Amino acid sequence: MTNRAVPWRRAWESALYGDGGFFRSSRPAEHFRTSAHVAVFAEAIAEVVRRCDAATVVDLGAGGGELLAALRPLVDDVEMIGVEVADRPLGLPDSIRWSAHLPDHIDGLLIANEWLDNIPCDVVEVDGVGIVREICVDPATGIESLGRPYSSAWLDRWWPLREPGERAEVGSSRDDVWAEAVARVNGMAIAIDYGHFREDRQPFGTLRSYAQGREIDVVPDGSRDVTAHVAVDSVAAAVGAQLVRQRTALSQRGLDGGRPPIELAHTDPAAYVRALAAAGEVGELIATGGLGDFWWIVTDTSGHGRLNT
């Protein structure tokens, strides 16, 4: 272990959320495109808001406030709160509140789009003699070294490691933080993220970094995103959630990506162009191999099961 190496989870936390960290100094839209940056996504969320009869919508990990800004004219009688460590974005409508902290109580909808993947985890690896060890990393270089032996009931249940060189991100930190958030909600809580299940975990883990729209070396130095896929089965079990693919969830909200009828091009060309653009956006949101593969982790804390009604 180098003198500068620290446990991965500590380095990850500092790189994203510490002083000068990535999410304090950058807007996600400057580096990657998420569902929140696609205009028609707000229409689907607005439908969820209506079905929940939500008094409040809280966007956890709100980035630049893009989702709430697009949602505001669609459900203008609902309180909206963006929760993010960065300062309030310029130009955000005054009617949208901005906070660094989650409210104690949410009467309505809590949504976290691509937030859980940025919750830091312990990262571990099986050494040459079969012992699971915590991985440490030099934050300046990304050079890793094996640290102390590591045991975890979460690993045993959700991501068992057997062969030397196998790695895992220990998702108990995500289970805990999402369960704590969901406990504040009277209504609906939805976390949306890319993820995996116990039977298809990647043997060498899923740590990735992105900056300026491309994947780059994983270095927790604050200059880039640090992310890892979410063990969605574990998170769902922690909060009693339903799991549904984004393409299915959006179809249930009435978004199917179908082209508008060609007759519209003759009767109302401008409307046809608008409908065609919207269909293209829906296609992006439901695409196989892309955003459509994301999982919605849905918990109805009111007990009414209203997502599919």
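**Exercises on strand β7 and the α6/α7 contact**

β7 and β8 form a hairpin with six residues between them, and G142 in that turn has a positive phi of about 80°. The model behind these exercises is predicted.

**Exercise 1.** Describe how β7 is joined to β8, and name the bridge partner of V137.

*Solution.* Start with the strand limits: β8 covers residues 144-149. Next, take the pairing: four bridges join β7 to β8, and the two strands run antiparallel. Last, find the residue pair: V137 has E144 in β8 as its bridge partner.

**Exercise 2.** Work out which strands besides β8 pair with β7, and in which sense.

*Solution.* Take β6 first, at residues 122-126; it pairs with β7 in the antiparallel sense over three bridges. Within this pairing, V124 stands opposite E134 in β7. The connection is again a hairpin: five residues lie between β6 and β7, and G130 takes a positive phi near 90°.

Then take β1, at residues 6-7. Two bridges join β1 to β7, and these strands run antiparallel. Here P7 stands opposite C136 in β7.

**Exercise 3.** Decide whether β7 is largely enclosed or open, and give the reason.

*Solution.* Strand β7 covers residues 132-137, six residues in total. A residue counts as buried when its relative accessible area is under 20%. Five of the six residues of β7 are buried, so the strand is largely enclosed by the rest of the structure. For the chain as a whole, buried residues make up 53% of the 309 residues.

**Exercise 4.** Characterise the packing of α6 with α7 by geometry and by residue class.

*Solution.* Two packed helices are described by the distance between their axes and the angle between them. For α6 (residues 172-182) and α7 (residues 232-239), the axes come within 9 Å and cross at roughly 35°. The crossing of α6 and α7 is right-handed.

Now list the residues in contact. From α6 these are D175, W178, A179 and V182; from α7 they are S234, V235, A238 and V239. Sorted by class, the contact has six nonpolar residues, one polar and one charged.

**Exercise 5.** Summarise the protein chain by its secondary structure, its contacts and its exposed surface.

*Solution.* Count the elements: the chain has 10 helices and 17 strands. Then consider contacts between residues at least 6 apart in sequence; 70% of these join residues at least 24 apart. Finally, the chain exposes about 13,700 Å², and carbon and sulfur atoms supply 50% of that area.

Key. Residues numbered from 1 in each chain as written. Predicted model: local features only at pLDDT ≥ 70, side-chain atom pairs only at ≥ 80, totals over all residues. Heavy atoms only, no water. Axes fitted to C-alpha atoms, helices over the stretch in contact; angles between N-to-C directions. Left-handed = near helix turned anticlockwise from the far one by under 90°. Contact = heavy atoms within 4.5 Å. Nonpolar A, V, L, I, M, F, W, Y, C, P; charged D, E, K, R; others polar. Buried < 20%, exposed > 50% of the residue type's maximum accessible area, 1.4 Å probe, protein only. Areas by Shrake-Rupley, 256 points an atom, 1.4 Å probe, with all protein chains shown as cover. Pairing = 2+ DSSP bridges.
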